[in-house]
Amino acid sequence: MSPPACSIPKEPGEKDRLDDLQRTVSASRLGLFLQCRLKFYFRHVLRLKKPKTPSLHVGSSVHAVLKAWNKARWVEQPLTLKQAHDVFFDAWADPAEGSVPWEPGEEECEKTTGWRLVETYLRESHVPAEEKPDAVEVPIEADLHQHGLPKLIGVLDLVQQQQIIDYKTCATTPHAEKIVHATEIQTSAYALLYRHNTGQQEKGMQLHHLVKLKNPKVVLTPLPPMSPQQETRLYRQMEAYLNGLQHGQFVPSPGMHCASCEFFPECRHWH
Ligand code: SF4
């Protein structure tokens, strides 16, 4: 294997990590690799640690409540609003979630925003509390070695009546057409995982965006089942991933996405 196109010295274990990354891939890893290979290298090969961002912390705390809420529906003992509130505040304070470099006053403000998002979602009943899910937070995989590809792995947030539902928190209202395109790697990967594990085609997918506005809102984007063309695109993207890793092609891809990149200082030193 050629060395990566990066001036940062190799750490012990880097080769093992590269080997592991070629054996399995998730939608988020694939998406990051295709967005910027150098960012992928910093995060997944060198494993450079960075503080958690406020928006990530809000997202993971909101996600913890939705997970608990769906699991409670699974055992047919729906959570009360008070229980959901407790889950949110426990998740917020969980030290395992890592520390966030808050600005003065920022944490209380973000915490209130996060809880208001959850409250809005539950109040608007986008998924009826009494309807039992097909699956909640299920880790699944698809062996694609017959295609010469890594094993695909992932965790489905929720499957309800053969519809794959994925939760997202965001700061602005998603544009319906653009969000379908922007999330295609993830939605195609989830559809493939669902089909490999159930032997059935999904009835469709839904993106549930919880939007952090002054007045929080929920935007639902329904999607049809994955098309054959989307499935082929996913295979070609995975081939590019495997090829890139095998050849150590970790070059930067500067663009608008750099504004939120935590590895900006390291990237500026790359040559
Ligand atoms: S700053 Fe931009 S180009 Fe550099 S690693 Fe981050 S995303 Fe990639």
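Which residues does A191 touch, not counting residues up to four places away in sequence? Select A191 and have a look: the list is I164, E202, M205, P225 and M226. Keep in mind as you click around that this is a predicted model.

**Stop 1: the main core**

Stay with A191 and widen the selection. A191 is one of the residues with the most contacts inside the largest nonpolar core, along with L30, I164, A189 and Y190. That core has 31 residues. To see where they come from, color α2 (27-35), α3, β3 (151-160), β4 (163-170), α8 (184-198) and α9 (228-246), each of which supplies at least two core residues. If you want a single element to highlight, pick α8, since the largest share of this core, seven residues, comes from there.

**Stop 2: a second core**

Now select V58, L66, F88 and A91. They are included in a second, separate core, this one of 16 residues.

**Stop 3: two crossing helices**

V58 also leads to the next sight. Show helix α4 (residues 54-74) together with helix α6 (residues 106-123): their axes come within 10 Å and cross at roughly 35°. The crossing is right-handed. For the contact itself, turn on side chains for P54, V58, S61, V62, V65 and W69 on the α4 side. Their partners in α6 are E106, E110, T113, G114, L117, V118 and L122. Color by class and you should find eight nonpolar, three polar and two charged residues in this contact.

**Stop 4: helix α3**

Next, select α3 (37-45). Is this helix mostly covered or mostly uncovered? Covered: seven of its nine residues are buried. Those are R37, L38, K39, F40, Y41, F42 and V45. Show the neighbors too, and you'll see the buried residues packing against α1 (14-23), α2, α9 and α10. Just after α3 comes R47, with a positive phi near 55°.

**Stop 5: the ligand**

Finish at the ligand, where α3 turns up again. Both α3 and α10 (264-268) supply at least two residues of the shell around the ligand. Which residues make up that surrounding set? From the earlier part of the chain, select C36, L38 and K39. Then add P252, S253, P254, H257, C258, C261, F263, F264 and C267. By class, the shell has nine nonpolar residues, two polar ones and one charged. L38 and K39 link this stop to the previous one: both are buried residues of α3, and both are among the residues around the ligand.

Key
Residues are numbered from 1 along each chain as its sequence is written. This is a predicted model: local features need pLDDT of at least 70, side-chain atom pairs count only at pLDDT 80 or more; totals for chains, interfaces and linings use all residues. A residue is near a molecule or strand if its C-beta atom, placed from the backbone, lies within 6 Å of it. Helices (H or I, at least four residues) and strands (E, at least two) are DSSP runs, numbered from the N terminus. Ala, Val, Leu, Ile, Met, Phe, Trp, Tyr, Cys and Pro count as nonpolar, Asp, Glu, Lys and Arg as charged, and the others, Gly among them, as polar. A nonpolar core is a set of buried Ala, Val, Leu, Ile, Met, Phe, Trp, Tyr and Cys residues joined through C-beta atoms within 7 Å. A residue is buried if 20 or more other C-beta atoms lie within 10 Å of its own, exposed if 12 or fewer, and partly exposed in between; C-beta atoms are placed from the backbone. Two residues are in contact if their C-beta atoms, placed from the backbone, lie within 7 Å. Axes are lines fitted to C-alpha atoms, for helices over the stretch in contact, and angles run from 0 to 180 degrees between N-to-C directions. A crossing is left-handed if the near helix is turned anticlockwise from the far one by less than a right angle, and right-handed if clockwise.
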